There are 2 protein chains.
Amino acid sequence: MGKQVKVALVGFGTVGTGVVKILQNHGAEITRKTGLTFELAHVVDMDIQRDRGVALPNGVLHNDLARAVGDDAVDIAVELVGGTGIAGEMVMDMLKSGKDVVTANKALLAERGEEIFAVARQQGRCVAFEASCCGGIPLVSSIRSGLAANQINAMYGIVNGTCNYILSGMSSQGKTYEVALQEAQQAGFAEADPTLDVNGADSAHKLAILGTLAFGKRIEFSDIAIEGIDGVDLKDIRYGQELGYAMKLLAIAERSEKCFSLRVHPAFISEDEPLARVSGPFNAVSVFGDAVGHTFYYGRGAGMMPTASAVVADMIEVAQGNTGRSFASAPGLGRQAELAQVCPTDKIMSRFYLRLSAVDRPGVFAHIARILGENKISISACLQHESVSSDSVPVVIMTHLARQGDMDKALVELEELAVIKAAPICVHVVTPPKDG
Amino acid sequence: MGKQVKVALVGFGTVGTGVVKILQNHGAEITRKTGLTFELAHVVDMDIQRDRGVALPNGVLHNDLARAVGDDAVDIAVELVGGTGIAGEMVMDMLKSGKDVVTANKALLAERGEEIFAVARQQGRCVAFEASCCGGIPLVSSIRSGLAANQINAMYGIVNGTCNYILSGMSSQGKTYEVALQEAQQAGFAEADPTLDVNGADSAHKLAILGTLAFGKRIEFSDIAIEGIDGVDLKDIRYGQELGYAMKLLAIAERSEKCFSLRVHPAFISEDEPLARVSGPFNAVSVFGDAVGHTFYYGRGAGMMPTASAVVADMIEVAQGNTGRSFASAPGLGRQAELAQVCPTDKIMSRFYLRLSAVDRPGVFAHIARILGENKISISACLQHESVSSDSVPVVIMTHLARQGDMDKALVELEELAVIKAAPICVHVVTPPKDG
């Protein structure tokens, strides 16, 4: 009873502070439940002056990364530096010096995962990354282990809390994108530079990781089609609501017979879907397995304590040797695995929401309907309010399932119509499979 | 690469057939993902004639349990017999003969878990039981490992699909309890003898298991206060809906400063809660951890393939050695653990829904309000429709938080009032903590 585990924590920011808090407050309980006693041997950060509100024993906090890397007594290195540069070199140095690694860094794994996982395998070490996707939700382990008996057919996730906070603010309080973003920044749910969140890249990083686990195939970050929320107009959120839909930034992975569809984009989903009701900074993912059917996971996807919860859970699994065993056999994590064959975007079938600014004149709707019909796109609902301005009127159309390539062609033709006054707005309408 | 794992499956019913299907259909993929190749060495059942729609190699299916127990080449025994008698002896025989055990049997673990876990520890073996709670949802592993860094403060679960199917039918289609039960039986969601489901015992079995994992304390099945749905009246579901509440059979585990509240009973929850929207045979559990906040897990809690999904996931974890390592250190599973101190029922704080059949006469409401007030119970809402019958009128009252003991006292006093014509109906109103 009572294995001592020495830890080097690199990056003493928000999440790092959370990890220290959990070890200090729950260390004894963790020992009681797992037989493991974690000892923070090194806490490394450039800034060793700032008060984080937690006390560390003398000598533990320092800025000498090489000292932590060189300490052979350390069992586990926790990487909380972020970014794909220094963090990557540090992780590989830690692995090469014989330490297992726990990381919350989705960008690093999505963009340099193959390289890092390969080093881990060469060294007989492992990399744990529960905290890299959806913070405190035990999603990585649920997909990798809990659903291991399934062929996973689809995943639909709200995996970026910043975007969800902004879209929730727009939807529930009628704020514009700019105002909602500003409030998210003030509330601490968006960075000063929110680019990676709002442009969809962060969601795609997580999708690359979760898709690799779900499908057991290698997924290149660059194979994911990405569209962010930075162009979302409050008007479209409101029209969607009128039609019974909520707008969410979705990360989508779907298996079809020959290929995988991997994409991140704003999407309308029916208000009856559990995903539609996920609001504020929360994350949630629907996962469909062939045996289990629909499963759904919900919780806080970011923040000090939820992310620290996942980091410490990983430290326990690594120290017990469980991560190492699963890691050794998992394909797509540095072990030779086929690259996922990605479906050509134009072949993807989807429903669509269209908003057109049309001249308010007889015959206009006939023009629109003709172009859609010629492109094999069928209308399922439409909405036209009485015009307030004299020069144009918004026409909102929901379609049945159509091919993305056909829609792209129709959009070009619609824009060329003399009676259409602005570039058409087109949003995917996503309908997860029915189960029950 | 490629560890061979020999399996003895005992109980070739619905779930057993599902396990065989998964191994036959996904065996190769499981090997690719985990390096494990499962071989069904024995499938044991009393009935070796019935056609289950799956083919087994000659000699695998037999009815000689002793032969499976005595086969030293078997690594894992899968117990799908059910019940607490034969299944218990069988599990212990398997452990004593050096096999790890995977089981879906919640009754067995809730009622004889200590005995079984103790034998497993003596033998240096483990027992895996993901399938015992909420079928395909990876809930056992999420609570035990995924949230291991948390002090878990509360759980609220819909953990019996039969009851949820019945209550959903009553709520959404206005069926009486009897009709909804009959339809659940016809649809295969209720057994011919549904007693253990509808009386709440099955939910309490699962609560005992999940509570033990969440709190790391031993929970006696007999310490759980249990009330089933067999007494639920459609009228109360309708009044609840009018007030914005859905009725669910909830399994509840709450930590307070000095004790744990453990109970199963029908409860009204606000329609805004994710749990309120779980319908049909689905299960879902809200878990609150001090670091992670609110997490929520949803999926199919029973049935051939969802349960088999969890059984096979456990087989993988056991074969990789992960379950064994976690099991060895987990308290409350045969390792000496404190008994959870259970809160006295009368001290529990709850909101309540009350329905009284009152004589329609001046001053009656004053009588009722006086008795509630004298017992320190404050009214938060009430509802009285115009009377259709001449002799009594239903008065519906929602209370603020009150002490269970005070409510019990008030109920006795109310029933004694001459103006109250029938025993008052009282239902808990449950409000999970707010997070976000």
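How many residues of domain 1 of chain A are in contact with domain 2 of chain A? The legend to Figure 1 gives the count, and the model shown throughout is a predicted one.

**Figure 1. Contact between domain 1 and domain 2 of chain A.** The domain assignment splits chain A into domain 1 (3–128), domain 2 (139–299) and domain 3 (345–429). Five residues of domain 1 of chain A are in contact with six residues of domain 2 of chain A. On the domain 1 side of this contact, three residues are nonpolar, none is polar and two are charged. Between the C-alpha centres of domain 1 of chain A and domain 2 of chain A the distance is 29 Å.

**Figure 2. Relation of chain A to chain B.** A turn of 180 degrees, with a shift of 0.0 Å along the axis, lays chain A on chain B with an RMSD of 0.0 Å. The two chains are therefore related by a two-fold axis. The same surface serves both copies, since 100% of the contact residues of chain A recur in chain B.

**Figure 3. The side of chain A that touches chain B.** In this interface, 53 residues of chain A are in contact with 53 residues of chain B. Six elements of chain A each supply at least two residues to the side that touches chain B: the helices α1 (14–34), α5 (139–146), α11 (304–319) and α12 (322–329), and the strands β11 (282–289) and β12 (293–300). Sorted by class, the side of chain A that touches chain B holds 23 nonpolar, 24 polar and six charged residues.

**Figure 4. Strand pairing between the chains.** β12(A) is joined to strand β12 (residues 293–300) of chain B by three bridges. The two strands run antiparallel. Phe296(A) has Tyr298(B), in β12(B), as its bridge partner. Strands of a sheet pair through backbone hydrogen bonds, either parallel or antiparallel.

**Figure 5. Helix α7 of chain A, with a buried and an exposed side.** Helix α7 (residues 177–186) of chain A has Ala180(A), Leu181(A) and Ala184(A) among its buried residues. These three lie on the same side of α7(A), because they cover an arc of only 100 degrees around the axis. An α-helix has 3.6 residues a turn, so residues three or four places apart point the same way. The cover over the buried residues of α7(A) includes α6 (161–173) of chain A. Glu178(A) and Gln186(A), on the other side of α7(A), are exposed. Gly188(A), just after α7(A), takes a positive phi of about 80 degrees.

**Figure 6. The six-stranded open sheet of chain B.** The strands of this sheet follow the order β3-β2-β1-β4-β5-β6 (chain B), with parallel pairing. At the edges are β3 (61–62) and β6 (127–128) of chain B, each of which pairs on one side only. Within the sheet, strand β1 (residues 3–10) and strand β4 (residues 76–79) of chain B run parallel and are joined by four bridges. Ala8(B) stands opposite Ala77(B), a residue of β4(B).

**Figure 7. Surroundings of Val285(B).** Val285(B) belongs to strand β11 (residues 282–289) of chain B. Is this residue buried or exposed? Val285(B) is buried, because 27 other C-beta atoms lie within 10 Å. Leaving out residues up to four places away in sequence, Val285(B) touches Cys134(B), Leu139(B), Met155(B), Gly157(B), Val159(B) and Tyr297(B). Pro274(B) is eleven residues from Val285(B) in sequence, and their C-alpha atoms are 9.4 Å apart in space.

**Figure 8. Strand β13 of chain B and its pairing.** Strand β13 (residues 349–358) of chain B is mostly covered, with eight of its ten residues buried. With strand β15 (residues 393–399) of chain B, β13(B) forms six bridges, and these two strands run antiparallel. Here Ser357(B) has Pro394(B), in β15(B), as its bridge partner. Strand β17 (residues 425–429) of chain B pairs with β13(B) in the antiparallel sense over five bridges. Opposite Tyr353(B) in β17(B) stands Val427(B). Two bridges, also in the antiparallel sense, pair β13(B) with strand β16 (residues 402–403) of chain B. The bridge partner of Met349(B) in β16(B) is Arg403(B).

How values were computed: Residues are numbered from 1 along each chain as its sequence is written. Chains are lettered from A and ligands numbered from 1 in the order in which they are written. This is a predicted model: local features need pLDDT of at least 70, side-chain atom pairs count only at pLDDT 80 or more; totals for chains, interfaces and linings use all residues. Copies are superposed by least squares on the C-alpha atoms of residues with pLDDT of at least 70 in both. Two residues are in contact if their C-beta atoms, placed from the backbone, lie within 7 Å. Ala, Val, Leu, Ile, Met, Phe, Trp, Tyr, Cys and Pro count as nonpolar, Asp, Glu, Lys and Arg as charged, and the others, Gly among them, as polar. Two strands pair if DSSP finds at least two bridges between them. A residue is buried if 20 or more other C-beta atoms lie within 10 Å of its own, exposed if 12 or fewer, and partly exposed in between; C-beta atoms are placed from the backbone. The arc is that of the directions from the helix axis to the C-beta atoms. Domain bounds come from an automatic or database domain assignment.
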